[in-house]
Amino acid sequence: MSDYSPGLHVLATFAAAAGPLTDMDACRRFFEAQVAALGLQEVGAAYHRFPNSSFTAVLALTESHLSIHTWPEYGRATFDVFLSNYQRDNADRARQLYAATLSFFEGIELTKTEVRR
């Protein structure tokens, strides 16, 4: 058995305008494009819109997962992505996905934690 190489889990909260935080369809297209561009593999996804137009999205990936939860009434979102290193080192991909998400939402980072696990 080879040495275990922990993956990277990025957990963040950011501020953003209500408009992007209610556009679930645009987020879906964005996540699909990011998954393809980064060479990740989606194995399932769930998107749910709430009555106030906030939404939750969770994508299962062969590498693990990514999720976002929006609160447009507070101008906030929480985001997390965990990419394991089972077949390759995915730390840069996890960071790139977070940076792209922050840019997509025109967000301002409030908190960010990186956990190697």
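# A tour starting at the end of helix 3

Put glutamate 106 on screen to begin: just after helix 3, this residue takes a positive phi of about 50°. Keep in mind that you are looking at a predicted model. Most residues other than glycine have a negative phi, and glutamate 106 has its positive value although it is not a glycine. Its place is in the loop between helix 3 and strand 6. Is glutamate 106 buried or exposed? With a relative accessibility of 68%, glutamate 106 counts as exposed, because the cut-off for that class is over 50%.

**Back along helix 3**

Now select residues 91-104, which make up helix 3. The helix has 14 residues, and from its first C-alpha to its last it reaches 20 Å, close to the 20 Å expected at 1.5 Å a residue. Colour Ala91, Ala94, Leu97, Tyr98, Ala100, Thr101 and Leu102: these residues of helix 3 are buried. What covers them? Show strand 1 (8-15), helix 2, strand 4 (64-71), strand 5 (76-83) and strand 6, since the cover includes those elements.

**Into the core**

Next, go to the largest nonpolar core, which has 31 residues. Pick out Phe14, Phe31, Leu66, Ile68, Phe79, Val81 and Phe105, the members with the most contacts inside this core. Strand 1, helix 2, strand 3, strand 4, strand 5 and helix 3 each supply at least two of the core's residues. Which element gives the most? That is helix 3, with six residues.

Centre the view on isoleucine 68 and leave aside its neighbours within four places in sequence. Around isoleucine 68 you'll then find contacts with Phe14, Cys27, Phe31, Phe55, Thr56, Ala57, Ala77, Thr78, Phe79, Thr101 and Phe105. Two names in that list should already be on your screen: Thr101 was among the buried residues of helix 3, and Phe105 was one of the core residues with the most contacts.

**Across the sheet**

Switch to cartoon and follow the strands. They form an open sheet of six, in the order 2-3-4-5-1-6, with antiparallel pairing. Strand 2 and strand 6 are the edges, each pairing on one side only. Ignoring direction, neighbouring strands in this sheet are turned by 5° against each other on average.

Then turn on helix 2, residues 24-37. Helix 2 lies across strand 2, strand 3, strand 4 and strand 5, and runs at about 165° to strand 2.

Move over to the strand 6 edge. Strand 1 and strand 6 pair there in the antiparallel sense, over eight bridges. One residue to label is valine 10, whose bridge partner in strand 6 is glutamate 114. Leave glutamate 114 selected; its side chain comes next.

**Charged pairs**

Side chains of opposite charge can pair when their charged atoms come close. How many salt bridges does the structure hold? There are four.

Start from glutamate 114. Its side chain meets that of arginine 95 in a salt bridge, at 3.0 Å from N to O. This pair links distant parts of the chain: glutamate 114 sits in strand 6 (residues 108-116) and arginine 95 in helix 3, 19 residues apart. Glutamate 114 counts as partly exposed at 34% relative accessibility, and arginine 95 is partly exposed at 34% as well.

Add lysine 112 to the selection. Lysine 112 also forms a salt bridge with glutamate 114, and here the closest N and O atoms are 3.3 Å apart. Lysine 112 has 37% relative accessibility, so it counts as partly exposed. Through salt bridges that share partners, Asp92, Arg95, Lys112 and Glu114 join into one network.

For another salt bridge, jump to aspartate 25 and arginine 49, whose side chains meet at 3.9 Å, N to O. Aspartate 25 lies in helix 2 and arginine 49 in strand 2 (residues 42-49), so the pair ties together parts that are 24 residues apart in sequence. Aspartate 25 is partly exposed at 38% relative accessibility, and arginine 49 is partly exposed at 37%.

**Last stop: serine 53**

Finish in the loop between strand 2 and strand 3 (55-61), where serine 53 lies. What is phi at serine 53? The angle is near 75°, a positive value in a residue other than glycine. Serine 53 counts as partly exposed, at 28% relative accessibility, whereas glutamate 106, where the tour began, counts as exposed.

Conventions
Residues numbered from 1 in each chain as written. Predicted model: local features only at pLDDT ≥ 70, side-chain atom pairs only at ≥ 80, totals over all residues. Heavy atoms only, no water. Helix = DSSP H or I, 4+ residues; strand = E, 2+ residues; numbered from the N terminus. Buried < 20%, exposed > 50% of the residue type's maximum accessible area, 1.4 Å probe, protein only. Expected span 1.5 Å × (residues − 1). Contact = heavy atoms within 4.5 Å. Core = buried A, V, L, I, M, F, W, Y, C linked by side-chain atoms within 4.5 Å. Pairing = 2+ DSSP bridges. Axes fitted to C-alpha atoms, helices over the stretch in contact; angles between N-to-C directions.
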